[in-house]
Amino acid sequence: MMNKYFFVIRNTWEEVATYRFNFAMWRFRNVLQLLTVYYLWLVVTPVNGSIFGYSQSLILTYVLGTAFLSSIVLATRTQEIGENINTGELSKFLIRPFNYFGYWFARDVGDKASNIAFAIFELSFLYFILKPSVFIQTDLATWFFFGLAVGFAVVLNFLIGCLLGMVGFWSSDFWAPRFIFFNLVAFLSGGMFPLDIFPKAVVGFLQSLPFAYFLYFPIEIYLGKLSAEQIFAGFLTALLWVVALLFITKIVWVKGLKLYSAQGN
Amino acid sequence: MKKNYYLKIWWMLTAATSQITFQSRFGAVLFLLGKIFRFAFFFFFLVALITKTKTIAGYSFWQIVFFYATFNLLDTLPQFFFRNVYRFRQYVVTGYFDNLLMKPLPALFYPLFGGSDMLDIIILFASVGMIIFSAVHLPVITVGQSLIYFLLLANGFLIAAAFHIFVLSIGILTTAVDNTVMLYRDLTQMGRVPIEVYQEPLRGLITFLVPVGIMMTFPSKAMLGLLSAQGIFIALIVGLGLFLLSLRFWRYALQNYTSASR
């Protein structure tokens with residue numbers, strides 16, 4: 001039963017290996033984006049002081065940590081769902097003996113594995129070159145909650161990715177919502193800066209959105225900046241979002257399938 | 001006469017592209033919102049940062065805003081004019097480029113100017129507005145500094161044009177466009193902040209080897225009176241040199257075009 005999904009994961013990995021130049025370019029672009037944020041924080045953070053409650057060591061760990069987390073959380077293949085629907089490819093999947101979303105989740109896992117492999121290499125290289133002082137978390141319980149938060153982030157991103165792909169049932173413009181999503185995630189997930197640099201009211205609002213649980217929440221747990229209450233409240237909000245998104249995904253899928261006309265090439 | 005001829009064709013192509021863009025108003029609105037978010041969020045980030053630190057790499061609040069606004073102008077203007085570069089791969093792999101070569105236009109015209117993206121106009125206006133507003137808050141600006149600023153803006157646009165011509169040429173030789181043009185975008189994104197933010201050797205690399213610094217931050221530095229005559233001279237030489245080199249490379253690519261398509 002699980003074997004077929006394992007093959008999907010392996011095929012995705014091999015697909016990346018086939019187009020390795022494209023993939024390497026994509027990863028190189030990620031490094032360029034990381035460097036801007038890294039140096040910007042480096043230049044504004046005093047060596048022995050702090051900014052927004054972050055010491056230089058914590059903020060650089062934050063920047064490098066979110067870069068690594070991005071490869072786990074944000075790597076996805078769900079952008080292909082819209083095309084799948086628009087070209088009529090979906091028909092093939094509907095008659096195959098596996099769960100459509102299981103297939104895409106397996107694709108995501110394969111894609112994430114490739115991204116993680118590259119990210120480890122890139123960050124090790126950058127660490128060797130830049131020699132930043134980074135914070136190493138030693139508490140096992142914190143590691144556990146960090147891992148759990150990453151799990152929630154992966155599921156949240158997957159569900160939103162599926163929903164954005166299913167726009168294809170209604171419109172051929174499935175790239176436009178994803179473009180806006182990319183831009184929202186780039187900033188509101190905390191990938192560029194910790195969300196708590198904003199005033200408390202803004203932070204409260206941002207934490208009520210799902211994006212904050214992509215990168216900001218896990219990395220804040222890792223850095224030990226959250227109290228037990230804040231961790232509990234964070235997991236509760238993330239769980240509510242997962243349940244709500246699961247429910248919406250199911251409704252959209254059923255409604256979308258009723259509209260689906262297998263039109264395409 | 002000839003100038004009007006090209007302008008008229010550009011206008012017709014842009015009108016046609018705009019019709020396609022606005023065919024789906026839903027998509028157009030979302031793309032526009034995405035661009036506005038990207039513009040605004042990074043600005044808010046810079047504001048939050050500099051409100052706390054007072055300066056970034058020695059630059060004050062309004063200087064940083066001026067740098068960011070100038071970056072956005074130089075980032076958006078080439079996107080507005082050279083949007084067709086993003087579609088060029090399709091022309092090559094489908095064989096449509098053969099058709100373009102037979103038209104009574106220079107071979108570079110349609111791939112480069114064949115349809116501007118009207119959605120960028122709002123960001124262009126916002127950038128110009130932000131440049132004027134922040135310039136008012138800068139310390140003394142002379143007419144000379146302003147003239148050099150405009151000259152280096154034009155030079156930055158020339159470098160952007162050169163990069164896009166390189167991308168098109170690589171597209172002809174390898175059919176790969178998407179990654180190279182996005183690589184250009186990511187490299188230029190490093191110019192969102194003054195080049196002094198980066199440490200050596202990266203600063204040197206992105207100033208002279210990949211002239212993001214010359215393109216994006218030299219105009220602002222000239223406006224602030226922080227660029228030497230030697231720096232201005234080097235910037236102009238690099239701009240002109242890159243542009244001429246890109247034209248040579250384009251000719252080389254055209255000579256090696258095999259017309260192989262599906």
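This report covers one buried helix, two helix packings and a chain contact in a predicted model.

## Helix H11 of chain B

Helix H11(B) runs over residues 212-223. At 1.5 Å a residue, its 12 residues should span 16 Å. The end C-alpha atoms lie 17 Å apart, which agrees.

Burial is complete: 12 of the 12 residues of H11(B) are buried, so the helix is largely enclosed by the rest of the structure. Among them are Val212(B), Ile214(B), Met215(B), Met216(B), Phe218(B) and Met223(B). Lys221(B) is buried too, as are Thr217(B), Pro219(B) and Ser220(B).

The buried residues of H11(B) pack against five helices of chain B: H3 (61-81), H8 (143-174), H9 (178-189), H10 (202-209) and H12 (229-255). Just after H11(B) comes Gly225(B), with a positive phi of about 75°.

## H3 against H7 in chain A

Two packed helices are described by the angle between their axes and the distance between the axes. In chain A, helix H3 covers residues 56-73 and helix H7 covers residues 140-165. Their axes come within 9 Å and cross at roughly 50°. That angle makes H3(A) oblique to H7(A). The crossing is right-handed.

From H3(A), the contact uses Leu69(A), Ile72(A) and Val73(A). From H7(A), it uses Val150(A), Ala153(A), Val154(A) and Asn157(A). By class, the contact residues are 6 nonpolar, 1 polar and no charged.

## H4 against H7 in chain A

H7(A) also packs with helix H4(A), residues 79-86. Here the angle is about 25° and the axes are 7 Å apart. Angles under 35 degrees count as roughly parallel, and H4(A) and H7(A) are therefore roughly parallel to each other. This crossing is right-handed.

Gln79(A), Ile81(A) and Gly82(A) of H4(A) make the contact with Gly161(A), Cys162(A) and Gly165(A) of H7(A). These residues divide into 2 nonpolar, 4 polar and no charged.

## Contact between chains A and B

The contact takes 30 residues from chain B and 26 residues from chain A. On the chain B side, helix H2 (25-53) and H9 each supply at least two residues. H2(B) gives the most, with 14 residues.

By class, the side of chain B that touches chain A has 19 nonpolar, 7 polar and 4 charged residues. H9 of chain B thus appears twice in this report: it supplies residues to the side that touches chain A, and the buried residues of H11(B) pack against it.

Technical notes. Residues are numbered from 1 along each chain as its sequence is written. Chains are lettered from A and ligands numbered from 1 in the order in which they are written. This is a predicted model: local features need pLDDT of at least 70, side-chain atom pairs count only at pLDDT 80 or more; totals for chains, interfaces and linings use all residues. Helices (H or I, at least four residues) and strands (E, at least two) are DSSP runs, numbered from the N terminus. The expected span of a helix is 1.5 Å times one less than its number of residues. A residue is buried if 20 or more other C-beta atoms lie within 10 Å of its own, exposed if 12 or fewer, and partly exposed in between; C-beta atoms are placed from the backbone. Two residues are in contact if their C-beta atoms, placed from the backbone, lie within 7 Å. Axes are lines fitted to C-alpha atoms, for helices over the stretch in contact, and angles run from 0 to 180 degrees between N-to-C directions. Angles under 35 degrees count as roughly parallel, over 145 as roughly antiparallel, 65 to 115 as roughly perpendicular and the rest as oblique. A crossing is left-handed if the near helix is turned anticlockwise from the far one by less than a right angle, and right-handed if clockwise. Ala, Val, Leu, Ile, Met, Phe, Trp, Tyr, Cys and Pro count as nonpolar, Asp, Glu, Lys and Arg as charged, and the others, Gly among them, as polar.
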